[in-house]
Amino acid sequence: MLGTLWHKVFSSGVSSSSVIGQSLQRIRPSFSATRSYASTSTGKEMTVRDALNSALDEEMSADPTVFVMGEEVGEYQGAYKITKGLLDKYGPERVVDTPITEAGFTGIGVGAAYHGLRPVVEFMTFNFSMQAIDHIINSAAKSNYMSAGQISVPIVFRGPNGAAAGVGAQHSQCYAAWFGSCPGLKVLAPYSSEDARGLLKAAIRDPDPVVFLENELLYGESFPISAEALDSSFSLPIGKAKIEREGKDVTIVAYSKMVGYALQAAERLSKEGISAEVINLRSIRPLDRRAINASVRKTNRLVTVEEGFPQHGVGAEICASVVEESFEYLDAPVERISGADVPMPYAADLERLAVPQVEDIVRAAKRACFRAK
Amino acid sequence: MASSFSTLKTIQPFCFSTTTTRSQQKSTLPTTNSSFFGSNNKLHKSFNSFSPSTNRLRSAVVAVSDVVKEKKLKTSASTSNLLITKEEGLVLYEDMVLGRVFEDMCAQMYYRGKMYGFVHLYNGQEAVSTGFIKLLKKEDCVVSTYRDHVHALSKGVSARAVMSELFAKKTGVCRGQGGSMHMFSKEHNLLGGFAFIGEGIPVATGAAFTSKYRREVLKEDCDEVTLAFFGDGTCNNGQFFECLNMAQLWKLPIVFVVENNLWAIGMSHLRATSDPAIYKKGPAFGMPGVLVDGMDVLKVREVAKEAIGRARRGEGPSLIECETYRFRGHSLADPDELRDAGEKNHYGARDPIVALKKYVLENNLASESDLKAIDKKIEELVEEAVEFADASPYPSREQLLENVFADPKGFGIGPDGKYRCEDPKFTQGTAQV
């Protein structure tokens, strides 16, 4: 994984893995990606989509109380094909196509979790979770506490989150900070295929409600994957960040798709003699404050990267944590990169300006290292 | 659709919600020439002549007395034509008295400052809780609202545990972490009181989904039924409709119990709802809808038996509208100034406990002294619950941060039932975590 350069090629809708039904105009085709490696990887590769699909499959196979419900998850095989093949294998009782009623079916999932099942509720995109946020926050996240530990809620809410491409403001938003601010929820945001497999399996096995934020634009990307990660018993601990790339001059903390951008930025920075450490958060809540602070104490500089809005964002929380715990280690002001403080515009050129780009990260890291021109 | 209509037919005797009765119903509903029906003025003026609520009640009585008549016909050949046995009568009486005395005590304790926040009392509606919940088995689930104390008591949670919860004590059913509106008891399959309108309905539907899943996917021997309680105001909320649809679509073992007490806080049901006959919304989704006099525990019980039996047999959900009335304000903070005195007196005169008492005595099911003994027993029980709650400790400081997660460290529980975070090997072999 180290030193990998991810070079994305945008293709408009001619993706071989196009997942979109013509009737589903609210979804934009995902784009395929090609890669070029700076270092050679001899191992197997897997797309994030296959990683999620296989994780679901294995967990459903291992535990009959696990079931999937959501819109178009069954006969249509998932709006993004994450649930492909599951209906055939597990039947309509365990791969439940629901009507378009987020509040209703999310609540039903929560009630099923109260009563002993392990539902995986798919939101076609996390934007639609707003229709059901009452059940995520009030019914799922608070019940273990309100019932003094009597009623645990082993449920996973999953689906694509964050900025998609060209779908406008209502379909393009990151909810990490929203759900991350709520006690009682665990919030995960995988980046690679290893993350996707390990974290989804951990989420399904976890006894608490987990919000699992995928990224539409990563679904079609392939990542090298170890034999270990392909093992059906593989899972990753919730609440632990991963050092994706070690470095000594500046710490870049990111999650989900922004991890890829941070790795690209680190690659460019290395050519200018700056050694950047890239932390893949994996878990938004619990937040691995220890890993972040340990890295900052080593590099003395911090750049945070997220797609979400700046105010009260994940970056803001990370900055607060570092200022509280490692203030005296900081050699430069913290740099916080986030989405622009506007609803997502439709126009592609404006949209590009509204989300962080690799050059933004490079520039911020150089500023932090006092190397900006 | 064919199948749902045929199910409707099978319960036709007690279900007067199908098209055949629509014309009859029409005449009893208020006409829409006034857009103000439901305002207290209107109710006041028309109370003795053409009050929508009294007319609706009359039709309810008609509907249910059909069942009662049928039942009597069926059983008259045998030894007794009564709706209940002595034992059943005493159980119902005791449960209703418990609900009433408990809630009266709550009011006292609230005014003495022993409890605080929102406290919604159930006085007047006891026939619904008792009529339904006393028919349940322990494995059956109940999902309630913010007016949940009495549902908890009927389901078997002890008065001590509920009172202590209200006193915010560590001995409460949720250790003081839930409060008046959030009673949970895993042991009794009370899956919570939900403070938001409509929030409990999907949760209840999910519990029913679980029962079906256990039976059909896990092949367990499971005939659990879930009751979802909610009020008239909820029936204008989208989640109600969403769940009626899915419950019927998937034939879930659930009964939707509407406690129509005619009022939200100060908003009359008639002023809030385009078609105030809630039970009619059942057939719109293909399930039976029944209106029953919710001030009569025996009628409620008869209807409940049918609906619960139907759910238990796997025949799907039912919507039961119980016309009832709360004798107190919406909560103890509500001055209750909008409801008309005439309306209150009308329902006050139909107190469900008094009615049951009358039935029991007139039919010689029990003596006055039997009932007095129950009254005394319950008063002592509630007194004792207060003493227990009062003497119990408040939660300790450490408790603040407990129970946020079942697994606070987030590593999950392994197949051996132990937390993975306790196993050092767990993180080994997972690259660079």
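## Salt bridges, helix packing and a buried strand residue

B:E216 is partly exposed, since its relative accessible area is 34%, and this value falls between the 20% below which a residue counts as buried and the 50% above which a residue counts as exposed. The model described here is a predicted one. The side chain of B:E216 meets that of B:K212 in a salt bridge, with 3.4 Å from N to O. Both B:K212 and B:E216 belong to helix α9 of chain B, which covers residues 200-216, and their spacing of 4 residues corresponds to about one turn of the helix.

A second salt bridge in chain B joins B:D293 to B:R350, and here the closest N and O atoms are 2.7 Å apart. This pair links distant parts of the chain, for B:D293 sits in strand β5 (residues 289-293) of chain B while B:R350 sits 57 residues away in the loop between α14 (341-348) and α15 (352-362). With 2% relative accessibility B:D293 counts as buried, whereas B:R350, at 23%, is partly exposed.

Turning to salt bridges in chain A, A:E58, A:E59, A:R197, A:K201 and A:R205 are joined into one network by salt bridges that share partners. Another salt bridge is formed by the side chains of A:E122 and A:R158, at 2.7 Å from N to O. A:E122 lies in strand β4 (residues 118-122) and A:R158 in strand β5 (residues 156-160), so that the pair, 36 residues apart, again links distant parts of the chain. A:E122 is buried at 3% relative accessibility, and A:R158 is buried with a relative accessible area of 0%. Over all chains the count of salt bridges is 48.

The three pairs named above are listed here.

| Pair | N to O distance |
|---|---|
| A:E122 and A:R158 | 2.7 Å |
| B:K212 and B:E216 | 3.4 Å |
| B:D293 and B:R350 | 2.7 Å |

Chain A contains 13 helices and 14 strands, and 65% of its 373 residues count as buried. Among the contacts in chain A with a separation of 6 or more, 81% involve residues that are 24 or more positions apart. The chain exposes about 13000 Å², of which carbon and sulfur atoms supply 52%.

Where in chain A does A:I225 lie? A:I225 is part of strand β8, residues 222-225, and because its relative accessibility is 6%, A:I225 counts as buried. Its C-alpha atom is separated by 5.6 Å from that of A:K44, although the two residues are 181 residues apart along the chain. Leaving aside residues up to four places away in sequence, A:I225 touches A:K44, A:E45, A:M46, A:S193, A:E194, A:R197 and A:L230. One of these residues, A:R197, also belongs to the salt-bridge network described above.

In chain B, helix α8 (residues 159-166) packs with helix α16 (residues 368-391) at an angle of about 45°, their axes being 8 Å apart. Because of that angle, α8(B) is oblique to α16(B), and the crossing in which α8(B) passes α16(B) is right-handed. On the α8(B) side the contact is made by B:A159, B:R160, B:M163 and B:S164, and on the α16(B) side by B:L381, B:V382, B:E384, B:A385, B:V386, B:F388 and B:A389.

Note on methods:
Residues numbered from 1 in each chain as written. Chains lettered and ligands numbered in written order. Predicted model: local features only at pLDDT ≥ 70, side-chain atom pairs only at ≥ 80, totals over all residues. Heavy atoms only, no water. Helix = DSSP H or I, 4+ residues; strand = E, 2+ residues; numbered from the N terminus. Buried < 20%, exposed > 50% of the residue type's maximum accessible area, 1.4 Å probe, protein only. Contact = heavy atoms within 4.5 Å. Areas by Shrake-Rupley, 256 points an atom, 1.4 Å probe, with all protein chains shown as cover. Salt bridge = Lys/Arg side-chain N within 4 Å of Asp/Glu carboxyl O. Axes fitted to C-alpha atoms, helices over the stretch in contact; angles between N-to-C directions. Parallel < 35°, antiparallel > 145°, perpendicular 65-115°, else oblique. Left-handed = near helix turned anticlockwise from the far one by under 90°.
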